[in-house]
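This report covers one protein chain, going from its overall layout to its core and then to its charged side chains.

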Amino acid sequence: QVQLVESGGGLVQTGGSLRLSCAASGSIFPIDTMAWYRQAPGKQRELVATITSGGSTNYADSVKGRFTISRDNAKNTMYLQMNSLKPEDTAVYLCNADVVEVASLRANYWGQGTQVTVSS
């Protein structure tokens with residue numbers, strides 16, 4: 001029911017910046033926490049950053065000070081500003097949304113991902 005579409009990925013060199021967007025649509029229930037994950041080939045998916053509906057954020061240690069997560073609740077859109085990019089940031093970046101549904105149930109939705117490639 002909820003669709004998440006990521007955009008903004010691309011190819012940049014070390015030290016460059018990208019701004020990712022995740023647009024949510026089709027939700028008739030409130031979206032609570034949203035998050036960015038990333039997954040590189042042959043590696044496990046890792047949590048990059050989270051943001052609650054109220055704007056509280058958490059970051060993986062590897063991206064603290066370089067990445068900034070934000071959201072615009074009116075637009076149902078989440079962002080990830082990535083600065084000082086490193087080759088190890090290369091991955092598919094995935095958007096996740098935690099939706100509060102009926103009976104206090106929570107459902108998690110995923111986007112298809114957007115590729116970020118950082119060259120050295």
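In what order do the elements of the chain run from the N terminus on? The order is β-β-β-β-β-β-β-β-β-β-β. The model is a predicted one, and its chain has 11 strands and zero helices.

## Overall dimensions

The C-alpha trace spans about 50 × 25 × 20 Å along its principal axes. A compact globule with 120 residues would have a radius of gyration near 14 Å, and the chain, at 14 Å, agrees with that. Of the 120 residues in the chain, 39% are buried. Among contacts between residues at least 6 apart in sequence, 53% join residues that are at least 24 apart.

## Nonpolar core

In soluble globular proteins, nonpolar side chains tend to be buried together. Here the largest nonpolar core holds 31 residues, and the members that touch the most other members are Trp36, Leu80, Met82 and Tyr93. Elements giving two or more residues to this core include strand 3 (18-25), strand 4 (31-39), strand 8 (77-82) and strand 9 (91-100). Strand 9 gives the most, with five residues.

Leu80 shows what surrounds one of these members. Leaving aside neighbours within four places in sequence, Leu80 is in contact with Trp36 and Tyr93, and its other contacts include Leu18, Leu20, Val48, Phe67 and Ile69.

## Salt bridges

Side chains of opposite charge can pair when their charged atoms come close. The count of salt bridges in this model comes to six. Three of them are listed below with their N to O distances.

| Salt bridge | N to O distance |
|---|---|
| Arg38 and Asp89 | 2.9 Å |
| Arg66 and Asp89 | 2.7 Å |
| Asp98 and Arg106 | 3.2 Å |

Two of the listed pairs share Asp89. Arg38 lies in strand 4 and Asp89 in the loop between strand 8 and strand 9, so their salt bridge ties together parts 51 residues apart in sequence. The pair of Asp89 and Arg66 also links distant parts of the chain: Arg66 is in the loop between strand 6 (57-59) and strand 7, and the two residues are 23 apart.

Are these partners buried or exposed? Both Arg38 and Asp89 are buried. The relative accessible area of Asp89 is 1%, and Arg66 counts as buried at 10%. In the pair of Asp98 and Arg106, Asp98 is buried at 13%, whereas Arg106 is partly exposed at 48%. Salt bridges that share partners join Arg38, Glu46, Arg66 and Asp89 into one network.

## A buried acid without a salt bridge

Glu6 is found in strand 1 (residues 3-7). Glu6 is buried yet has no salt bridge. Which side chain of opposite charge is nearest to Glu6, and how far away is that side chain? The nearest is Arg45, 8.8 Å away. A salt bridge needs a nitrogen to oxygen distance within 4 Å.

The polar atoms of the Glu6 side chain do have backbone partners. The Glu6 side chain reaches the backbone nitrogen of Cys95 at 2.7 Å, and the backbone nitrogen of Gly113 lies 2.8 Å from a polar atom of that side chain. Leaving aside neighbours within four places in sequence, the residues in contact with Glu6 include Cys22, Trp36, Tyr93, Leu94, Gly111, Gln112 and Thr114. Among them, Trp36 and Tyr93 are also named as members of the largest nonpolar core.

Terms used. Residues are numbered from 1 along each chain as its sequence is written. This is a predicted model: local features need pLDDT of at least 70, side-chain atom pairs count only at pLDDT 80 or more; totals for chains, interfaces and linings use all residues. Side-chain values use heavy atoms; hydrogens and water are left out. Helices (H or I, at least four residues) and strands (E, at least two) are DSSP runs, numbered from the N terminus. Buried means under 20% relative accessible area, exposed over 50%, partly exposed in between (1.4 Å probe, protein chains only). Lys and Arg count as positive and Asp and Glu as negative; His and the chain ends are not counted. A polar contact is a pair of N or O atoms within 3.5 Å; within protein, one must be able to donate a hydrogen and the other to accept it, and residues adjacent in sequence count only if both atoms are side-chain atoms. Contact means heavy atoms within 4.5 Å. A nonpolar core is a set of buried Ala, Val, Leu, Ile, Met, Phe, Trp, Tyr and Cys residues joined through side-chain atoms within 4.5 Å. The radius of gyration is taken over C-alpha atoms; the globule rule is 2.2 Å times the number of residues to the power 0.38.
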